[in-house]
Amino acid sequence: MQVNFRSVKADYQLGPIRARNIIDDVTFSLESGSFTAVIGRTGAGKSSLLKLMNGLLLPAKGEVSIGELELSQQANKKVINQIRKRVGMVFQFPEHQLFAETVGKDIAFGPRNFGLNEQETKKAVQESIRLVGLDPDILERSPFSLSGGQQRRVAIAGILATNPDVLILDEPGAGLDPEGKQKILTMIKTLHVQKRLTTVLVTHDMNDVATYADDVLLIDQGKLVCHQPVRTFFQDNHLTSAWHIDLPEPLRLQRKIERAKNMTFKQTCLTLDELSQMLIREGLV
Amino acid sequence: MDNPPMLCVDQVTYRYHVTKSHYALSDISFTVNAGEWLAVIGNNGSGKSTLARLIVGLAEPESGSILINGKRLTERTKWQLRQRIGIVLQNPDNQFIGTTVQDDVAFALENLNIDDHEMQERVFRALRLVHMYELREKDPSQLSGGQKQRVAIAGVLALEPDLMIFDEAFVMLDPKSRRELLALLRELQAKLGLTIISITHDRSEAAQADQVIVLKDGVLIDHGPPAVIFEAHPDFTPPFAEQLKRKLIELGGSMPDAYMSEKELVDWLCR
Ligand SMILES: Nc1ncnc2c1ncn2[C@@H]1O[C@H](COP(=O)(O)OP(=O)(O)OP(=O)(O)O)[C@@H](O)[C@H]1O
Ligand SMILES: Nc1ncnc2c1ncn2[C@@H]1O[C@H](COP(=O)(O)OP(=O)(O)OP(=O)(O)O)[C@@H](O)[C@H]1O
Ligand SMILES: [Mg+2]
Ligand SMILES: [Mg+2]
């Protein structure tokens with residue numbers, strides 16, 4: 001499903017004094033089936049951009065469209081509900097998402113609400129709890145008696161169970177142990193490919209950007225700085241240094257080796273495999 | 001050298017429900033010396049946050065004891081001991097009490113008996129250190145994720161305690177801010193002899209600690225300097241340089257087996 005932003009402005013409109021636009025005249029288009037990493041520093045507007053994609057925040061100007069559905073300032077409840085069926089969002093803080101008295105009820109809420117029968121719902125719950133690597137015993141527990149990382153996993157499971165077309169993840173790896181994070185993001189990438197999802201991932205981890213995403217969308221102070229393929233983005237030294245973007249670990253180490261040897265390699269290595277193979281090819285090992 | 005350790009955790013055991021057999025912590029013992037940086041690592045649900053809660057007296061061990069600066073933490077001593085300990089919880093929302101950012105940070109200092117002027121100085125200084133001074137009038141609940149974490153961190157910086165505990169307190173910061181903040185903490189550690197306990201999933205952060213403890217299912221399974229820990233646990237995703245070295249060996253490269261720091265690896269590759 002395609003996601004389009006056309007000249008979108010938005011703010012949180014607190015009281016009569018209008019705050020500066022939190023999202024300021026942003027236009028872009030995410031192709032159906034694309035995997036996009038949204039990056040930018042603290043307070044840049046990443047979470048706000050995601051909230052615009054599922055109607056938690058409505059544009060003050062311009063339009064957001066998800067497939068055929070359109071969100072504008074006048075969007076009504078019905079359209080917003082239709083959009084929420086198609087767009088699943090994992091919040092930045094999982095606690096903000098969990099509400100039911102048991103984990104099982106929490107995860108079942110979405111699919112049941114979107115019209116699955118009891119048996120289908122049960123199946124969706126079992127399946128998604130397995131996907132996030134939790135023991136089914138946890139279904140009977142209160143989501144508020146879980147550790148931070150367990151809550152994160154439950155929040156992700158709850159969204160996966162709704163079977164969305166557009167999957168929006170706001171720092172899903174925060175709070176996950178490294179092995180769990182890698183498993184879960186790899187699982188999400190697999191679902192993304194199998195189900196041809198349109199996936200949007202907010203992350204501060206440039207390794208995740210390099211490993212999972214096709215495109216990068218960089219925002220700063222509510223404005224779109226650039227939207228381009230991952231490799232093009234990281235190859236652009238001027239851009240990455242101007243915006244204080246960390247390089248993915250393989251590329252960072254490649255640059256360090258280049259400085260130590262006072263030379264540059266032709267290839268830009270974004271993954272462990274690429275870097276290790278290049279080092280062998282180039283005879284350093 | 002006969003100062004007592006900053007923190008001594010001795011055979012501590014804890015359950016959330018005394019009727020259930022599940023122990024969140026079983027027989028945990030370790031010490032942290034004054035001026036040391038301890039990283040606490042371990043899988044989700046291994047007991048890290050529970051341990052932090054016990055150390056600051058938010059919960060009480062079922063058995064065993066916790067000593068802060070040689071004094072035992074009890075119901076009676078905890079208020080006094082708590083003044084020298086600052087903690088940033090895993091979810092900053094659970095920590096905010098003020099309706100503005102600056103009030104919130106000031107609340108951390110309430111029990112210190114300092115005058116208003118000094119209080120304001122300290123609050124503003126801490127907010128400047130985390131780049132939140134401009135937003136000091138805002139409602140903490142209306143901040144971005146990273147901004148919330150900064151405010152929670154400012155509360156601890158303003159308190160200027162002897163022991164700071166961070167429970168995954170940097171995860172929402174952008175990499176540049178995270179580095180700056182870790183550098184600032186390291187500077188305070190060196191200058192003031194500050195003791196730091198950082199619960200983290202970030203292996204490169206843990207690699208820079210003085211000591212690391214590893215929890216697994218509520219049990220302390222290892223304690224030592226980072227290089228020793230990463231070498232002893234090949235199943236942990238190690239820092240990137242070590243990952244690369246292992247990959248190169250896998251691809252047939254002849255390289256030293258021992259754990260290599262990034263600098264050692266680069267030197268070796270460019271030898
Ligand atoms: N509910 C709210 N009410 C008012 N202002 C808000 C609200 N939420 C966020 N803001 C402000 O909007 C701006 C953008 O916030 P947003 O949460 O989109 O940032 P972000 O890029 O996700 O940052 P982070 O990486 O720290 O999560 C920030 O300056 C923030 O203070
Ligand atoms: N309030 C609670 N009631 C009952 N059990 C709890 C509660 N809080 C945590 N637990 C359980 O205690 C164990 C340890 O949890 P803890 O929060 O200490 O883990 P953690 O190591 O901090 O994990 P994470 O990396 O996910 O934050 C987990 O099995 C968790 O489910
Ligand atoms: Mg955010
Ligand atoms: Mg925890």
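A residue is near a molecule if one of its heavy atoms lies within 4 Å of it. The exercises below concern a predicted model.

**Exercise 1. Determine where ligand 2 lies, and which residues are closest to it.**

Solution.
Step 1. The surroundings of ligand 2 consist of 22 residues.
Step 2. The closest of these are Ser147(A), Gly149(A) and Gln150(A), together with Lys48(B) and Thr50(B).
Step 3. The position of ligand 2 is between chains A and B.

**Exercise 2. Identify polar partners of the oxygen atoms of ligand 2 in chain B, and state whether backbone or side chain takes part.**

Solution.
Step 1. For Gly47(B), a backbone N or O atom lies 2.9 Å from an oxygen atom of the ligand.
Step 2. For Lys48(B), a polar side-chain atom is 2.7 Å from an oxygen atom of ligand 2.
Step 3. Ser49(B) also places a polar side-chain atom 2.8 Å from an oxygen atom of ligand 2.

**Exercise 3. Describe the surroundings of ligand 1 and its polar partners.**

Solution.
Step 1. Ligand 1 is surrounded by 21 residues, the closest being Lys46(A), Ser48(A), Ser144(B), Gly146(B) and Gln147(B).
Step 2. The site of ligand 1 is between chains A and B.
Step 3. In chain A, a polar backbone atom of Gly43(A) is 2.8 Å from an oxygen atom of ligand 1.
Step 4. Ser47(A) contributes a polar side-chain atom, 2.8 Å from an oxygen atom of ligand 1.
Step 5. In chain B, a polar backbone atom of Gln142(B) is 3.4 Å from a nitrogen atom of the ligand.

**Exercise 4. Classify the packing of helices H9(B) and H10(B), and name the residues that make the contact.**

Solution.
Step 1. H9 spans residues 240-250 of chain B and H10 spans residues 262-269 of chain B; their axes come within 8 Å and cross at roughly 40 degrees.
Step 2. Because of this angle, H9(B) is oblique to H10(B).
Step 3. The crossing of H9(B) past H10(B) is left-handed.
Step 4. H9(B) supplies Ala241(B), Leu244(B), Lys245(B) and Leu248(B), while H10(B) supplies Glu262(B), Leu265(B) and Leu269(B).
Step 5. By class, the residues of this contact between H9(B) and H10(B) are 5 nonpolar, no polar and 2 charged.

**Exercise 5. Analyse in the same manner the packing of H11(A) and H9(B).**

Solution.
Step 1. Helix H11 of chain A covers residues 272-281, and it packs with H9(B) at an angle of about 55 degrees, the axes being 10 Å apart.
Step 2. H11(A) is therefore oblique to H9(B).
Step 3. H11(A) and H9(B) have a right-handed crossing.
Step 4. From H11(A), the contact includes Leu272(A), Asp273(A), Leu275(A), Ser276(A), Leu279(A) and Ile280(A). From H9(B), the participants are Phe240(B), Gln243(B), Leu244(B), Lys247(B) and Leu248(B).
Step 5. The contact of H11(A) with H9(B) has 7 nonpolar, 2 polar and 2 charged residues.

**Exercise 6. Decide whether H5(A) and H6(A) are roughly parallel or roughly antiparallel, and list the residues that meet.**

Solution.
Step 1. H5 (residues 148-160) and H6 (residues 178-194), both of chain A, pack at an angle of about 10 degrees with their axes 13 Å apart.
Step 2. Angles under 35 degrees count as roughly parallel; H5(A) is therefore roughly parallel to H6(A).
Step 3. Arg153(A), Ile156(A) and Leu160(A) of H5(A) meet Gly180(A), Ile184(A), Met187(A), Ile188(A) and Leu191(A) of H6(A).
Step 4. The residues of the contact of H5(A) with H6(A) comprise 6 nonpolar, 1 polar and 1 charged.

**Exercise 7. Locate Gln211(B) and find its contacts.**

Solution.
Step 1. Gln211(B) belongs to strand S9 (residues 211-216) of chain B.
Step 2. The side chains of Gln211(B) and His223(B) are joined by a polar contact of 3.5 Å.
Step 3. Neighbours within four places in sequence being left aside, the contacts of Gln211(B) are Glu36(B), Trp37(B), Leu38(B), Ala39(B), His223(B), Gly224(B) and Pro225(B).

Terms used
Residues numbered from 1 in each chain as written. Chains lettered and ligands numbered in written order. Predicted model: local features only at pLDDT ≥ 70, side-chain atom pairs only at ≥ 80, totals over all residues. Heavy atoms only, no water. Axes fitted to C-alpha atoms, helices over the stretch in contact; angles between N-to-C directions. Helix = DSSP H or I, 4+ residues; strand = E, 2+ residues; numbered from the N terminus. Parallel < 35°, antiparallel > 145°, perpendicular 65-115°, else oblique. Left-handed = near helix turned anticlockwise from the far one by under 90°. Contact = heavy atoms within 4.5 Å. Nonpolar A, V, L, I, M, F, W, Y, C, P; charged D, E, K, R; others polar. Polar contact = N/O pair within 3.5 Å; in protein donor to acceptor, adjacent residues only side chain to side chain.
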